[in-house]
Number of protein chains: 4
Amino acid sequence: MIRLNNDYCHGAIPEILEALQTTNSEAYAGYELDEWCERAGSLIKEAAACPDAAVHYIVGGTQANVALIAHALRPWESVVCADCGHINVHETGATEHIGHKCETVPARDGKLAAADLRAVAQGYAESPVSEHVTVPRMAYISFPSESGTVYSLAELEALRAVCDEFGMYLFVDGARLAYGLAASGNDVTLPDIARLSDAFYIGGTKCGALFGEAMVVVNPALQPYFRNSMKQAGTMLAKGWLLGLQFTNLFEGGRYFEIGKVAVAQAMRIKAALAKRGLLAEPDSPTNQQFALISDTQLTSLSEACIVEFEGKGADNRNMVRFCTSWSTTDAEVDAVVAAIEGLPE
Amino acid sequence: MIRLNNDYCHGAIPEILEALQTTNSEAYAGYELDEWCERAGSLIKEAAACPDAAVHYIVGGTQANVALIAHALRPWESVVCADCGHINVHETGATEHIGHKCETVPARDGKLAAADLRAVAQGYAESPVSEHVTVPRMAYISFPSESGTVYSLAELEALRAVCDEFGMYLFVDGARLAYGLAASGNDVTLPDIARLSDAFYIGGTKCGALFGEAMVVVNPALQPYFRNSMKQAGTMLAKGWLLGLQFTNLFEGGRYFEIGKVAVAQAMRIKAALAKRGLLAEPDSPTNQQFALISDTQLTSLSEACIVEFEGKGADNRNMVRFCTSWSTTDAEVDAVVAAIEGLPE
Amino acid sequence: MIRLNNDYCHGAIPEILEALQTTNSEAYAGYELDEWCERAGSLIKEAAACPDAAVHYIVGGTQANVALIAHALRPWESVVCADCGHINVHETGATEHIGHKCETVPARDGKLAAADLRAVAQGYAESPVSEHVTVPRMAYISFPSESGTVYSLAELEALRAVCDEFGMYLFVDGARLAYGLAASGNDVTLPDIARLSDAFYIGGTKCGALFGEAMVVVNPALQPYFRNSMKQAGTMLAKGWLLGLQFTNLFEGGRYFEIGKVAVAQAMRIKAALAKRGLLAEPDSPTNQQFALISDTQLTSLSEACIVEFEGKGADNRNMVRFCTSWSTTDAEVDAVVAAIEGLPE
Amino acid sequence: MIRLNNDYCHGAIPEILEALQTTNSEAYAGYELDEWCERAGSLIKEAAACPDAAVHYIVGGTQANVALIAHALRPWESVVCADCGHINVHETGATEHIGHKCETVPARDGKLAAADLRAVAQGYAESPVSEHVTVPRMAYISFPSESGTVYSLAELEALRAVCDEFGMYLFVDGARLAYGLAASGNDVTLPDIARLSDAFYIGGTKCGALFGEAMVVVNPALQPYFRNSMKQAGTMLAKGWLLGLQFTNLFEGGRYFEIGKVAVAQAMRIKAALAKRGLLAEPDSPTNQQFALISDTQLTSLSEACIVEFEGKGADNRNMVRFCTSWSTTDAEVDAVVAAIEGLPE
């Protein structure tokens, strides 16, 4: 059965499996102090044009978020995000578990708007009871967002400006970064993200690796002791070179960027098919996630061709479902899915 | 200057000061294991008709909330409250600091509606990713609410029904309980609150005591080890009898209920004056807190007569201000404030 | 019955009760923003010769410890203390509850020795796995210690030197500070403590107040946002002036220092009686706490005259008990207790 | 260069790499809800003779410890361990970070003795201030211990008896379980561990897998919501099948047990060589970790042949070093190391 329910249902790009095989008899230093991590760090810093950043490797996204937030914030500080932010709704309260409040604003097309961030910061600055509320000190965004949308360069720069004005950090969750950078119409580059954020991570799990995220700590003030925070969060992999090796293979020859383009191209074919049938849901997504609103009958029909993710009930009691392509999605799979969409009952 | 900005700007009812004086040369056991705490507990359990409850004394409201929430919830569980809930917006993230998420719904007249609580609980029950979100396990309400409104008996019973259906606790923050019970039109009694909640506290700080809140743990499942949670929260007063003595004096002869009536009566006079001038803000409050929307000029004028609390800017850039009476508010003070309101410029 | 089991079984010095009575009809600003807190702060800063310190008022000792530790430490940092340290053994894990490890060394006469602190700091500095252990960043001591002993000026200076060398904070828990400063042979002054520590608190609960501790934050780096940490710890008293008023009365005319002397003088009489009978326990205490090792028969006999605190079983299955004088201990009480000690069976 | 400094410096057993290759084009459900996890669970439950246990897969040891401890303990409860316990000294305070105290006793040959555990539990039960201390509620041990020693069946049963008597959980960290079960003289079986513990985990990272630990929750009371705790701890791997696949391959045909035997046999050869030279350190280790005390000159010499782990300075300023074999250690490597030991200068 074709799985399009998420972008983490396949293994890894062939180069990674080959490298694991080739190096299996080698012995490496532990805890990311090996040559692969060193090499991957160089490639990433070069690709992101941030030579002075510190690059670390983390097993999964929740840990990446928790480790960075716990590391950066003081106890009385909170993180601002859109209400649909992953840290707010899909991490079983991990951010609160380690002591911090997620201060939310309604998402606009899945994104945190600079105006909304400013309102929170300004509200705090003008609060007559400022010691009785948490201090908004970090803005958390996903690029692309949970809805598949991307921030324009102007939007990112506006967020950065608010952060600069109010002394806040900007942290970018890039679990699907490859697919955001490859989005049609996207005008944001990896160096832009490095330049405009205090820290961000480059998703591997969903973008070609077996597992792993590369955390890039750009702001020098956040660099010291980050390895301590990683270990405390339980996310310092003993065999750290497994992560370095994967990111080396993802960034050598710019594979990471190529992977993204392929997945997005496949998603665009599905999007076109959905649009043609009038099933495409808002907001418009230029990335690998496409959302549709379909009837129960249509869902039953579609499920014979592929597995999609049920997101909940939408308007008219229709079903919001997600089609998610990835680096592994094949032409044949998309052909079949497009045909299934075209053949859906009214 | 007359202070009506809050209900914690005066000392205590005379009986309490006298008792402190009388007993000052006595020696007592520490940590609430004294005869005063025993006596107050009996009086409270009798007044609330909950003979099997456990009564404890806590210094302040934030500690009361934190100690009970930390005590009752498991790490993956959250507390549901109205977005204006005290734990959500006025405790510097204390609930998150000890690891729990506040899951909020928009307040309706300052209150958490049973329908909204049910939607959260139902949403969790139907979640396709139930392990990736926190489990809503407690409903937190204030009686009266932050807006001065009170829950009707039917509303409380509806909340209880949702809690029963979904296995949730109902926790009632009664920091201003005396003023809620005395509200005009209120049909909820102290025994009702004990009967319908798993735990609640009876505010002393704002209702006649120098300081202190009486936590009534009704649900037997929440009783064991609560003293450990108190100590861990830093809220087990070494000289616990100071709290027992105060609550004994508040509940002997039903003083607690009388205090509430006096304060509410004074508030009603202010409310009438505000209404007459068309300055009263929504929602309608039957308790000791009255909110008004006044212009800058009016605020300047009013400030010559009394101190009110500025709550922020409202419609038409007018100022939302709070008038707060208490057990200590005198007729003369209210006479002066009413006159000031009547004399406000247009 | 005479209570000598602790130093928090009586109310407050008469001046405090009088001041509460006198001011009961006054109205004050909340949250320590009143004139009493201002006045007490001035008196304390003058007495401690630290004009640039920030003074705050906290209800109890556990909260004082928790608020300061949570405020000062980053998540990966630990606090070093003697194994008998109050934070380690008498606060129900409150320090760990808010995320920090207590790193302990064996107490020497109840105290943390500079050599032991240095060994911990040096051990960390030389650790081959420094990211896998917590960073010792604060030394916590009590003055006087849990055993009633005091640090000499040389000992305090040695601790400070270690802290300076390794970039650590020195935090002094002064829950019984009055009795330490008044100890026979003590060569440490309040200005010494202010000069040598980053933060310390002046105990009120055990030293003449109804309740309350005055936190003196000397290190400017620890001053910002401390009120936020207080609120988050639930220890910002709404009626903060109650604390300011008490500390004003304790420090006006140097009462705090006089109180200490009286209590210590009474303790010395009990100590002499115990020594004469060969019952005095190690280590030698020059303060208000005296420890004795007595047989079951002797404990039964003693208990007819006064209540002492049972601390556990000691050598020869004898009972370790504590005699604790305070500002409220009278000559008549000590006469009776001394007589009882003299009359104990062999 | 031969690496014997740890047992996590090589990849994985060939069967695992082959399986990764073979399945790379397959698509699986996420979050451990796949057929590999199901299959591995069956194999593990069969091998451990605990058909009603719940088996989960976690990426690394620190997360396994943190997730289980956070899941099992209430806020006022602590975990008892030997002072050399991994959670106490090598996890950057992760246990305290999520709120729990490690209550330590001196290790005996690297192990927690039942008598010491009983003393802690009894001490709490008899404490006159039981609400002021944490409640010891879990015993944490490693099998084998950090020193390479193993518990005898009698020792494990004695720990269980104490836990039963005082209502405590027994949690076994089996990061090196394969090597403990294969220890010469070991009389403990995997079913014994399952029968005597409330939860334990089977180390994969150090025992043949690329990464991953299998948590076996035996006690039914600890089974509900464990997946929530995993997600909250950030340790629910999106591509969970990668873990299931590895543990399936480790347990099929009893490979896990064979791996252990090979590594221990290699370690015994190194041990014999060290003993012959009189360099073997205490305590005696029957597992894959061997410790030696060698001079600086000897360390320099040894380092030409292999990398060992420096553990710190021991008696006579000699260097405590660790030789660590694993499933990947070859005869040739051991031959070379033995020769190097034999050739060490005096």
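Let me open with helix 6 and helix 7 of chain D, as they appear in this predicted model. Helix 6 covers residues 114-125, helix 7 covers residues 153-166, and the two pack with their axes 9 Å apart at an angle of about 10°. Angles under 35 degrees count as roughly parallel, and helix 6 and helix 7 of chain D are therefore roughly parallel to each other.

Which residues make this contact? On the side of helix 6 of chain D they are Ala114(D), Leu117(D), Arg118(D), Ala121(D), Gln122(D) and Ala125(D). Helix 7 of chain D contributes Ala158(D), Leu159(D), Val162(D), Cys163(D), Glu165(D) and Phe166(D). By character, the residues of this contact comprise nine nonpolar, one polar and two charged.

I turn next to the arrangement of the chains. Chain D is superposed on chain B by a rotation of 180°, with 0.0 Å of shift along the axis and an RMSD of 0.0 Å. That is the relation of a two-fold axis. Which residue of chain D comes closest to this rotation axis? It is Arg74(D), whose C-alpha lies at 3.7 Å. Of the interface residues of chain D, 100% are also interface residues in chain B, so these copies meet through the same surface.

Chains A and D can be treated in a similar manner. A turn of 180° with a shift of 0.0 Å along the axis lays chain A on chain D, the RMSD being 0.0 Å. In chain A, the residue that comes closest to the rotation axis is Ile98(A), at 3.3 Å for its C-alpha. Here too, 100% of the interface residues of chain A are also interface residues in chain D, so the copies meet through the same surface.

My next topic is charge pairing. Side chains of opposite charge can pair when their charged atoms come close. How many salt bridges does a search of the whole structure find? Over all chains, the search finds 80 salt bridges. I shall discuss selected cases.

One of them is formed by Glu96(B) and Lys101(A), with the closest N and O atoms 2.6 Å apart. Glu96(B) belongs to helix 5 (residues 94-97) of chain B, while Lys101(A) sits in the loop between helix 5 (94-97) and strand 4 (102-105) of chain A, so the pair joins two chains. Are these partners buried or exposed? Glu96(B) counts as buried, at 2% relative accessibility, and Lys101(A) is buried as well, with a relative accessible area of 9%.

Within chain A, Glu309(A) forms a salt bridge with Arg322(A), and the closest N and O atoms are 3.4 Å apart. Glu309(A) lies in strand 11 (residues 309-313) of chain A and Arg322(A) in strand 12 (residues 319-324) of chain A, so the pair ties together parts that are 13 residues apart in sequence. Glu309(A) counts as partly exposed, at 23% relative accessibility, whereas Arg322(A) counts as buried, at 6%.

In chain B, a salt bridge connects Arg160(B) with Asp198(B), the closest N and O atoms being 3.0 Å apart. This pair links distant parts of the chain, 38 residues apart: Arg160(B) is in helix 7 (residues 153-166) of chain B, and Asp198(B) is in the loop between helix 9 (190-196) and strand 7 (199-203) of chain B. Both Arg160(B) and Asp198(B) are buried.

Chain A also contains a network of salt bridges that links Glu157(A), Asp192(A) and Arg195(A). Ile193(A) is placed in helix 9 (residues 190-196) of chain A. The C-alpha atoms of Ile193(A) and Glu157(A) are separated by 9.7 Å, although the two are 36 residues apart along the chain. Ile193(A) has a relative accessible area of 2% and is buried. Leaving aside neighbours within four places in sequence, Ile193(A) is in contact with Phe143(A), Leu156(A), Val172(A), Leu177(A), Leu181(A), Val188(A) and Phe200(A).

I conclude with Thr235(C). Where does Thr235(C) lie? The answer is the loop between helix 10 (226-232) and helix 11 (241-251) of chain C. Thr235(C) is buried, its relative accessible area being 1%. Not counting residues up to four places away in sequence, Thr235(C) touches Gln63(B) of chain B, together with Tyr57(C), Ile58(C), Val59(C), Gln63(C), Ala67(C) and Met230(C).

How values were computed
Residues numbered from 1 in each chain as written. Chains lettered and ligands numbered in written order. Predicted model: local features only at pLDDT ≥ 70, side-chain atom pairs only at ≥ 80, totals over all residues. Heavy atoms only, no water. Axes fitted to C-alpha atoms, helices over the stretch in contact; angles between N-to-C directions. Helix = DSSP H or I, 4+ residues; strand = E, 2+ residues; numbered from the N terminus. Parallel < 35°, antiparallel > 145°, perpendicular 65-115°, else oblique. Contact = heavy atoms within 4.5 Å. Nonpolar A, V, L, I, M, F, W, Y, C, P; charged D, E, K, R; others polar. Least-squares fit on C-alpha atoms with pLDDT ≥ 70 in both. Salt bridge = Lys/Arg side-chain N within 4 Å of Asp/Glu carboxyl O. Buried < 20%, exposed > 50% of the residue type's maximum accessible area, 1.4 Å probe, protein only.
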